[in-house]
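Got a minute to poke around a model together? Here it is, with some questions to follow.

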Amino acid sequence: TLSTLMIKTIALPLPLPRKFRPGRIVGWALLIFTTVIALFPMYWLFTNALTPITSTPPLTPVLIPAFSLDNFTRLVTNNKYYINWMINSLVVATAVTVWHVFFDTLSGYAFAKRNFPLKNVFFWMILSTLMIPPQVTLIPVYLITRQLDILDSLLALIMPGTAAAFGIFLMRQFIQTLPRELEEAARMDGCSEFGVFWRIVLPLCKPAIAALAIFTFVRYWNDFLWPVVALSKPQNYTLTVGIANMQGEFMTDWGIIFSGAALSALPMIIFFLLFQRYFLEGVRMGAVKG
C-alpha cells in the first residue's frame, strides 16, 4: 500500500553529505597533517626570533612566544652591514630577474615562432643543461669571473644569471600557444621583427612573464652556494651569506641569527601569499606539451 511504501522510504538511510564522506575526511586530515609538518620549521624560526635568547635556543618552540623585539634590536645595532646585505640581495635578485625576463622571452620567441637551421638541436641542447647540477659548473664560472675581474662584487652574482634553460623552456611553451595571425598582421603593417616581439608577443606573455619573474626572484633571493664562493668582503654579502657568517667560532648569538633569518624569510612569505596564483600558473605552463 501507499502508507507501507512511505514508511519504507522514510526508513532508508539518507546519504551523507559530500563533505562528510569518509574518503573526504581522510583526505583533509592528511592535508592538515602534511601542512603542519611543512610549516613547523617556519613556526619554530619565528617563535625563537621573538624569544629573548643569546646562547642556546630551545629545542622545541614554545606555544606562545614572549613577543620580544630584543633580538631584532641587537641584530640592527650589532651588525652594521645587515642593511647592506638586504640591499645587495634586492639588487641582485631584481637585476637577474629583469635579465631573465628579457633574454628568456626573446629566446623562447625564437624557438617557438622562428625557423632557423638546427633549431630543435639547439633547443634540446639548452634543455639538456637542466640535468647538470650547479655544483659541476661552479669552478668554471669562478675562473671566468676571476678572469673578468668582477669577483667579490655584485656583478659576479648578476652576470652568470642573465638567462636560464628553464626560463627559455617556459616561455617557448607559452609563446607556442599564441596565434600566428597576430604576427602576420603586424608584419603586413610594416612592423619589424623586433617590433613584432616587443609590441605583439611581449604584451601577450604577461602571465608567463609574471610566473618566470617570481620563480627567478625567489631563487636568487635565497641563493647561497654561488654567493658564498664569489664574495669575500662583508659589505658585499647577500642576506644568506651574511646570516651564515654571523655564527661565531666560540660563541653564537642564536637570537640574532633567528631574527635575521626571520626578516629575510618574511618578504618571500608575503611575496608567495600575494602571487601564489602565478606560482601555480608557472608550474602548469611548464607542463604543457609543445
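What follows is a short run of questions and answers on folds, charges and empty space.

Q: What kind of model is this, and how many helices does the protein chain have?
A: This is a predicted model, where local features need pLDDT of at least 70, side-chain atom pairs count only at pLDDT 80 or more, and totals for chains, interfaces and linings use all residues. Residues are numbered from 1 along each chain as its sequence is written, and side-chain values use heavy atoms, with hydrogens and water left out. Helices (H or I, at least four residues) and strands (E, at least two) are DSSP runs numbered from the N terminus. By that count the protein chain has zero strands and 14 helices.

Q: What percentage of the residues of the protein chain count as buried?
A: Buried means under 20% relative accessible area, exposed means over 50%, and partly exposed is in between (1.4 Å probe, protein chains only). With that cut-off applied to the 290 residues of the protein chain, the buried share is 35%.

Q: Is Ile64 buried or exposed?
A: Ile64 sits in the loop between helix H2 (22-49) and helix H3 (70-78). Its relative accessible area is 63%, and the cut-off for exposed is over 50%. So Ile64 is exposed.

Q: Which residues make the nonpolar surface patch of about 600 Å²?
A: Patches take residues with over 30% relative accessible area and no salt bridge, joining like charges within 9 Å and nonpolar side chains (Val, Leu, Ile, Met, Phe, Trp, Tyr) within 5 Å. The areas come from the Shrake-Rupley method with a 1.4 Å probe, and for residues only the protein chains shown count as cover. The patch is made by Phe40, Tyr43, Leu63, Ile64 and Phe67.

Q: Which residue forms a salt bridge with Arg74?
A: A salt bridge here is a side-chain nitrogen of Lys or Arg within 4 Å of a carboxyl oxygen of Asp or Glu, and the structure holds five of them. Arg74 is buried at 14% relative accessible area, while its partner is partly exposed at 34%. Both lie in helix H3, four residues apart, about one turn of the helix. The closest N and O atoms are 3.1 Å apart, and the partner is Asp70.

Q: How many residues apart in sequence are the parts that Arg114 and Glu193 tie together?
A: The side chains of Arg114 and Glu193 meet in a salt bridge at 3.6 Å, N to O. Arg114 lies in the loop between helix H4 (82-113) and helix H5 (119-128), and Glu193 lies in helix H10 (residues 193-204), so the parts tied together are 79 residues apart.

Q: Which residues are joined into one network by salt bridges that share partners?
A: Glu193 also forms a salt bridge with Arg187, with the closest N and O atoms 3.0 Å apart. Arg187 is partly exposed at 28% relative accessible area. The network joins Lys113, Arg114, Glu183, Arg187 and Glu193.

Q: Which helix gives the most to the lining of the largest pocket?
A: On a 1 Å grid over the protein atoms alone, a cavity is a set of points where a 1.4 Å probe fits but cannot get out; a pocket is an open set with protein on both sides within 12 Å along at least five of seven lines, and lining residues have an atom within 4 Å of a point. The largest pocket has a volume of about 1,000 Å³, where volume is the space filled by probe spheres set on grid points joined across faces, edges and corners. Its lining holds 35 residues, with Pro134, Pro160, Ala164, Arg219 and Tyr220 nearest the centre. With six residues, the top contributor is H11.

Q: How many residues in the lining of the largest pocket are charged?
A: Ala, Val, Leu, Ile, Met, Phe, Trp, Tyr, Cys and Pro count as nonpolar, Asp, Glu, Lys and Arg as charged, and the others, Gly among them, as polar. The lining divides into 23 nonpolar and nine polar residues, and the charged ones number three.

Q: Which helix gives the most to the lining of the largest cavity?
A: The structure holds one cavity of 30 Å³ or more. Leu178, Pro179, Leu182, Glu183, Ile200, Val201 and Leu204 line the largest cavity. With three residues in that lining, the answer is H10.
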